[in-house]
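I opened this model today to see how the chain is put together and who sits next to whom. Here are my notes, in the order in which I looked things up.

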Amino acid sequence: MSTFVKEGTNIKKIINYLYISIIPLLIFGFYKNGIKSYSGILMFHPLALDLIGFISGVLVSIILEKKKPFESFYPLYGLLSASLIFPNTSLIIFGIICFISLFIYKKIGKNSVNIVCVISLIVILISNFYEPSYLKIAINNNINLDGLDYLLGKGSAGLNASCTLLALISYAYLSSKPFYKREIPLYSFLVYSILMVIYLSFIGDINSLFVRLLSNGTIFSLVFISTMGTTSSHTYRGRICYSFILGILMFALSFGFPSLAVISAIFLVSIMHKYIDKLLK
């Protein structure tokens, strides 16, 4: 059974809590990215991406799990995947990759990697290969933004992942629920922040701290993606270790792949989570 923790928590309640926590971010993502025009036709492109992700998960749930959509995590996985890709992503590319990836993931049934990160990374890399200007168009110029701008969601990030304030509110809401692994976002961000402050102080560029910490949907990814139960550590000590490794990986990857650093780090540490739990059991 796909659960977020190894506890006797009602799965349907967990799913409902997660949907409640992400709805404000979905609304903001639609508000920020607006209506796109294609060949003179106005389309609700951001909403279409969210719907495609959700429907892909619904189809996998019905075909392979024989479950109602709101009793399965797969529609949520699709929605989270849509939240991490950029607003100019092709509907066709995302739809095909999202459905096939979720289908294979469920068919294999090992839950050994973070499927949301896998889908997002594949979509972004293929989109950038197909359209070389993809990442350049998707990522805004952050030079003139300050901390308040990032808090209010004006910086660059995935479709629904740019508003730090709403992501923090979601974190506070989820932290009140017993199933949520609240230590992971908190400690991983602390480790990442400490390392970044030390580095920026050393090179004399502390003014870029907000750009480094809050752009590219960092908080959203930590709150919703890093805590996914089947691909993150379950034990308390495991969660702490998982968090420290994640924070270090985020810092290291931010130098070469800033726009993909967080989801790449979550993907890598998700591969280790079972070994971390066994080692610290």
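**Entry 1: a serine in a loop**

I started at Ser-254, which sits in the loop between helix H12 (236-253) and H13. Helices here are DSSP runs of H or I with at least four residues, strands are E runs of at least two, and both are numbered from the N terminus. Ser-254 has a relative accessible area of 9% and is therefore buried. My cut-offs: buried is under 20% relative accessible area, exposed is over 50%, and partly exposed is in between, with a 1.4 Å probe and protein chains only. Setting aside residues up to four places away in sequence, I found Ser-254 touching Tyr-192, Met-196 and Ala-261. A contact means heavy atoms within 4.5 Å.

**Entry 2: ground rules**

I am working with a predicted model, in which local features need pLDDT of at least 70 and side-chain atom pairs count only at pLDDT 80 or more, while totals for chains, interfaces and linings use all residues. Residues are numbered from 1 along each chain as its sequence is written, and side-chain values use heavy atoms, with hydrogens and water left out.

**Entry 3: the whole protein**

I noted 13 helices and 2 strands in the protein. The C-alpha trace spans about 55 × 55 × 30 Å along its principal axes. How does the radius of gyration of the protein agree with that of a compact globule? For 281 residues such a globule would be near 19 Å, and the protein has 18 Å, which agrees. The radius is taken over C-alpha atoms, and the rule is 2.2 Å times the number of residues to the power 0.38.

Of the 281 residues, 54% count as buried. Among contacts with a separation of 6 or more, 75% come from residues 24 or more positions apart. The accessible surface is about 13100 Å², and carbon and sulfur atoms hold 70% of it; I take the areas from the Shrake-Rupley method with a 1.4 Å probe.

I also looked at charge: there are 22 positive and 10 negative side chains, and the centres of the two sets are 10 Å apart. Lys and Arg count as positive and Asp and Glu as negative, with His and the chain ends not counted. Each charge is placed at NZ of Lys, CZ of Arg, CG of Asp or CD of Glu.

**Entry 4: helix H3**

Which residues of helix H3 are buried? The list includes Tyr-74, Gly-78, Ser-81 and Leu-84. In fact 11 of the 11 residues of H3 (residues 74-84) are buried, so this helix is largely enclosed by the rest of the structure. Its buried residues pack against H1 (11-33), H2 (45-65), H4 (91-108), H5 (115-130), H11 (218-225) and H13 (261-279).

I then checked Ser-83, which is in H3. Ser-83 counts as buried because its relative accessible area is 0%. Beyond its neighbours within four places in sequence, Ser-83 is in contact with Ile-22, Leu-26, Gly-158, Leu-159, Asn-160, Ala-161 and Phe-220.

**Entry 5: two residues of H2**

Asp-50 is in helix H2. Is Asp-50 buried or exposed? Asp-50 is buried, at 7% relative accessible area. Its C-alpha is 7.8 Å from that of Gly-78, with the two positions 28 residues apart in sequence numbering. Leaving aside neighbours within four places, Asp-50 is in contact with Leu-26, Leu-79, Ala-82, Leu-159 and Asn-160.

Gly-57 also lies in H2, and Gly-57 is buried with a relative accessible area of 0%. Gly-57 and Leu-76 are 19 residues apart in sequence and 7.0 Å apart, C-alpha to C-alpha. Not counting residues up to four places away, Gly-57 touches Tyr-74, Pro-75 and Leu-102.

**Entry 6: the core**

The largest nonpolar core has 76 residues, and those with the most contacts inside it are Tyr-77, Ile-115, Phe-220, Phe-224, Ile-225 and Leu-246. H1 gives the most to this core, with 9 residues. Such a core is a set of buried Ala, Val, Leu, Ile, Met, Phe, Trp, Tyr and Cys residues joined through side-chain atoms within 4.5 Å. I followed Ile-225 outwards: beyond residues up to four places away, Ile-225 touches Leu-80, Leu-84, Asn-114, Val-116, Cys-117, Phe-220 and Ile-266.

**Entry 7: two more loops**

Asn-216 is in the loop between helix H10 (209-214) and H11. Asn-216 has a positive phi of about 65 degrees although it is not a glycine. Phe-179 lies in the loop between H8 (164-175) and H9 (183-203), and at 1% relative accessibility Phe-179 counts as buried.
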